[in-house]
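Please look over the sequence and the structure shown below before reading on. The briefing that follows goes through them topic by topic.

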Amino acid sequence: MNTEKLSSQQLQTLLIGEVEAGLPLVPKPYAEIANRLGVTESQVIDALEELKADGCIKRFGVIVRHRELGYLANAMVVWDVPDQSVNKIGELFGHAPFVTLCYRRPRRMPNWPYNLFTMIHGFDRNHVLEQVGRLRDLVPESEFPSATLFSGRRFKQRGARYSSTFLNPEAPKTRISSDIKPNLIT
Amino acid sequence: MNQETIKLSKTEQRLLNDFQRDLPLDPRPFNHIAEQLGVTESEVIEMLRRLKAGGLVSRVGPVFTANRVGVSTLAAVAVEPSEIVEIAGMINRYPEVNHNYEREHKFNLWFVVTASTTSQLRQVIEDIELKTGIEVLVLPMLNDFYIDLGFPIEWRDQVEH
């Protein structure tokens with residue numbers, strides 16, 4: 001690892017701390033961040049480009065809050081899908097426009113049999129349930145157990161804070177396994 | 001504040017819907033939006049400030065890919081409904097916790113823990129178990145099937161346009 005590479009990585013790490021809570025709403029936000037960090041505006045822009053290019057930043061733009069937009073009901077809908085078809089079904093569900101998250105997670109038997117997690121936002125409960133039905137219709141040939149966990153009170157919501165975070169450049173682009181072993185809590 | 005109590009202009013609706021991704025990494029990104037919307041840069045900035053103050057916009061910035069920056073996991077606990085506010089408060093005290101929702105299930109409190117390292121993440125979860133005396137269901141992401149292109153907003157008819 002050469003020095004130049006290292007410093008670009010340090011800049012990325014600092015930058016993540018600066019942008020995670022959002023850009024300053026001023027005409028030249030990258031210049032303002034650069035000023036805070038004691039670097040140039042183009043260094044900031046280049047470092048953000050790199051973070052986007054290598055997939056660290058998934059999306060960059062206006063981040064809305066669903067509930068405030070009138071999507072008053074939302075549910076985490078969890079599915080117990082056979083392991084051999086979870087990738088196929090996950091891809092199908094993950095591309096539905098009303099799904100906002102679609103993850104495979106481990107089962108925790110006997111308490112938790114579900115391995116596929118989707119998040120669905122709707123104006124009301126019926127709207128959400130209707131969309132759950134539309135997901136079911138995507139795989140008409142199979143029937144698997146699911147549970148619809150409607151959200152109640154929101155006790156906390158904000159973007160993750162990584163202020164003291166180190167960036168892990170060795171992380172694979174698509175993570176299959178996790179650092180956290182499924183038996184973390186036995 | 002929500003769609004019912006805040007009147008959104010057509011321009012604001014477009015601002016919320018059309019710029020959820022690909023904000024240009026250009027020295028003046030809000031000017032780029034302004035050109036698309038046919039308004040001035042300072043109007044865009046004002047609108048964003050107002051929408052942020054009203055809670056409709058969480059921020060203008062990045063969504064990081066899970067587990068590429070730091071490590072995180074979804075977690076849940078099953079608590080007595082009468083104790084949920086107290087337990088939620090205990091869990092919220094950890095700066096590593098960034099989401100915490102009540103959900104309708106035996107496991108009724110769901111939160112996300114994000115830390116710099118796996119060991120820090122474990123520590124937080126073990127500490128939560130110790131303090132609350134409740135076993136935490138730990139559900140780290142194994143595969144991400146969701147391509148995040150932003151959320152296409154449907155505007156309800158009764159909302160004034």
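What should the 13 residues of helix H3 (residues 41-53) of chain A span at 1.5 Å a residue, and how far apart are its end C-alpha atoms? The expected span is 18 Å and the end C-alpha atoms are 18 Å apart, so the two values agree; the expected span is taken as 1.5 Å times one less than the number of residues. Helices (H or I, at least four residues) and strands (E, at least two) are DSSP runs, numbered from the N terminus.

This is a predicted model, in which local features need pLDDT of at least 70 and side-chain atom pairs count only at pLDDT 80 or more, while totals for chains, interfaces and linings use all residues. Residues are numbered from 1 along each chain as its sequence is written, and chains are lettered from A and ligands numbered from 1 in the order in which they are written.

**Confidence and domains**
- The model scores ipTM 0.80 and pTM 0.78.
- Chain B has a mean pLDDT of 90, with 93% of its residues at 70 or more; pLDDT is the predictor's confidence in each residue, from 0 to 100.
- Chain A is divided into domain 1 (3-53) and domain 2 (67-150), with bounds that come from an automatic or database domain assignment, and the C-alpha centres of these two domains of chain A lie 36 Å apart.

**Helix H3 of chain A**
- The buried residues of H3(A) are A:Val44, A:Ala47, A:Leu48 and A:Leu51, where buried means that 20 or more other C-beta atoms, placed from the backbone, lie within 10 Å of the residue's own, exposed means 12 or fewer, and partly exposed lies in between.
- These buried residues cover an arc of only 100 degrees around the axis, which puts them on the same side of H3(A); the arc is that of the directions from the helix axis to the C-beta atoms.
- The face turned away from the buried side of H3(A) carries the exposed residues A:Ser42, A:Glu49 and A:Ala53.

**Strand E4 of chain A**
- Because 6 of the 7 residues of strand E4 (residues 116-122) of chain A are buried, E4(A) is largely enclosed by the rest of the structure.
- Strand E2 (residues 73-79) of chain A runs antiparallel to E4(A) and is joined to it by 7 bridges, and A:Ala73 has A:Gly122 as its bridge partner; two strands pair if DSSP finds at least two bridges between them.

**Contact between the chains**
- The contact takes 81 residues from chain A and 74 residues from chain B, counting residues whose C-beta atoms, placed from the backbone, lie within 7 Å.

How values were computed. Two residues are in contact if their C-beta atoms, placed from the backbone, lie within 7 Å.
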